[in-house]
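Here's a quick walk through one model, written for someone who likes to check the geometry. Have a look at the fold before reading on.

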Amino acid sequence: MTAKNSNPRPPRPGRRSAGGKPNLVLVLLCSFGCGVGAALILLAIMAQIFAHTALSLDLVKPFASAAAAIGALISGYVLANGVRQKRLLCGVACGAFYCLCLFCATALRGTVPMIDQRNGTLLAALLLGGTLGGGLSALGAPGSAPQR
């Protein structure tokens, strides 16, 4: 007979480190990639819709804001599921990160970042999208539903 190896297998590389905690860098990169990828796909679909229909070009800004908000929602959801703690805070952090990215892009363009009606709706959509993503993750978490 052969003796079993008493040494446990080493942990596989992946989302969890040796202590069982999530690999935060991998979760952040995955969250960012999913959110930006979803927003890019939605923007491409909307570009095709605008190119092949007679929709007014006044609708471009609201549709682009909606695509960015959905990207922030997906990003907040993926981050909250990856971290599995303080899920709503993870969603708010995702929305705030994308708002910070918007401010930095505006500053790099050489203009002063201002919050007016045009930019305020996009900032609100990003914050709301990230927060909803974290909230949806918290609602879907096991044990988060009220007991009857």
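Is Tyr 98 buried or exposed? Tyr 98 is buried, since its relative accessible area of 12% falls under the 20% cut-off. Keep in mind that this is a predicted model, so everything below is computed from predicted coordinates.

## The overall fold

The protein chain contains four helices and zero strands. Going along the sequence, you get the pattern α-α-α-α.

The protein chain has 148 residues, and 26% of them count as buried. As for how the chain meets itself, take the contacts between residues at least 6 apart in sequence: 67% of these join residues at least 24 apart.

## A closer look at α2

With its 24 residues, α2 spans 34 Å from the first C-alpha to the last. That's close to the expected value, which is also 34 Å at 1.5 Å a residue.

Plenty of names come up if you ask which residues of α2 are buried. Among them are Ser 65, Ala 67, Ala 69, Gly 71, Ala 72 and Ser 75. The list also includes Gly 76, Leu 79, Ala 80, Gly 82 and Val 83. And what covers these buried residues? The cover includes α1, α3 and α4.

## The loop after α2

Right after α2 comes Arg 84, with a positive phi near 65°. Arg 84 isn't a glycine, and it sits in the loop between α2 and α3. Worth a glance on your Ramachandran plot: most residues other than glycine have a negative phi.

Lys 86 is another one to check. Its phi is positive too, near 50°, and Lys 86 is a residue other than glycine. Its place is also in the loop between α2 and α3. Lys 86 is exposed, with a relative accessible area of 65%, a value over the 50% cut-off.

## Aromatic rings between α1 and α3

How many aromatic pairs are there? The count comes to four. One of them is the pair of Phe 32 and Phe 97, which is edge-to-face, with 6.0 Å from centre to centre and 80° between the planes. This pair links distant parts of the chain: Phe 32 belongs to helix α1 and Phe 97 to helix α3, 65 residues apart. Both rings are partly exposed, with Phe 32 at 38% relative accessibility and Phe 97 at a relative accessible area of 39%.

Phe 32 also pairs with Tyr 98. Here the ring centres are 6.2 Å apart and the planes are at 15°, so the pair is stacked. Because Phe 32 lies in helix α1 and Tyr 98 in helix α3, the pair ties together parts that are 66 residues apart in sequence. Put the ring pairs together and Phe 32, Phe 97 and Tyr 98 are linked into a cluster.

## The largest pocket

Now for the empty space. The largest pocket holds about 360 Å³. Its lining is made up of 17 residues, and those nearest its centre are Ala 39, Leu 43, Ala 68, Tyr 98 and Leu 126. So which elements give two or more residues to the lining? They are α1 (24-52), α2 (60-83), α3 (87-108) and α4 (117-140).

Of these, α2 gives the most, with seven residues. Sorted by class, the lining has 13 nonpolar residues, three polar ones and one charged one. Tyr 98 turns up again here, as one of the residues nearest the pocket centre, and it is the buried ring we started with.

## The second largest pocket

The second largest pocket holds about 220 Å³ of space. Its lining includes Lys 61, Leu 102, Ala 105, Thr 106, Arg 109 and Thr 111. Val 112, Met 114, Asp 116, Arg 118, Asn 119 and Leu 122 also line this pocket. Helices α3 and α4 each supply at least two of the lining residues.

What does the class breakdown look like for this lining? There are five nonpolar, three polar and four charged residues. If you're setting the two pockets side by side, the lining of the largest pocket has one charged residue, while that of the second largest pocket has four.

Notes: Residues numbered from 1 in each chain as written. Predicted model: local features only at pLDDT ≥ 70, side-chain atom pairs only at ≥ 80, totals over all residues. Heavy atoms only, no water. 1 Å grid on protein atoms, 1.4 Å probe; cavity = no way out; pocket = protein on both sides within 12 Å on 5 of 7 lines; lining within 4 Å. Points joined across faces, edges and corners; volume = space filled by probe spheres on them. Nonpolar A, V, L, I, M, F, W, Y, C, P; charged D, E, K, R; others polar. Buried < 20%, exposed > 50% of the residue type's maximum accessible area, 1.4 Å probe, protein only. Phe/Tyr/Trp six-rings, centres within 6.5 Å; stacked < 30°, edge-to-face > 60°. Expected span 1.5 Å × (residues − 1). Contact = heavy atoms within 4.5 Å.
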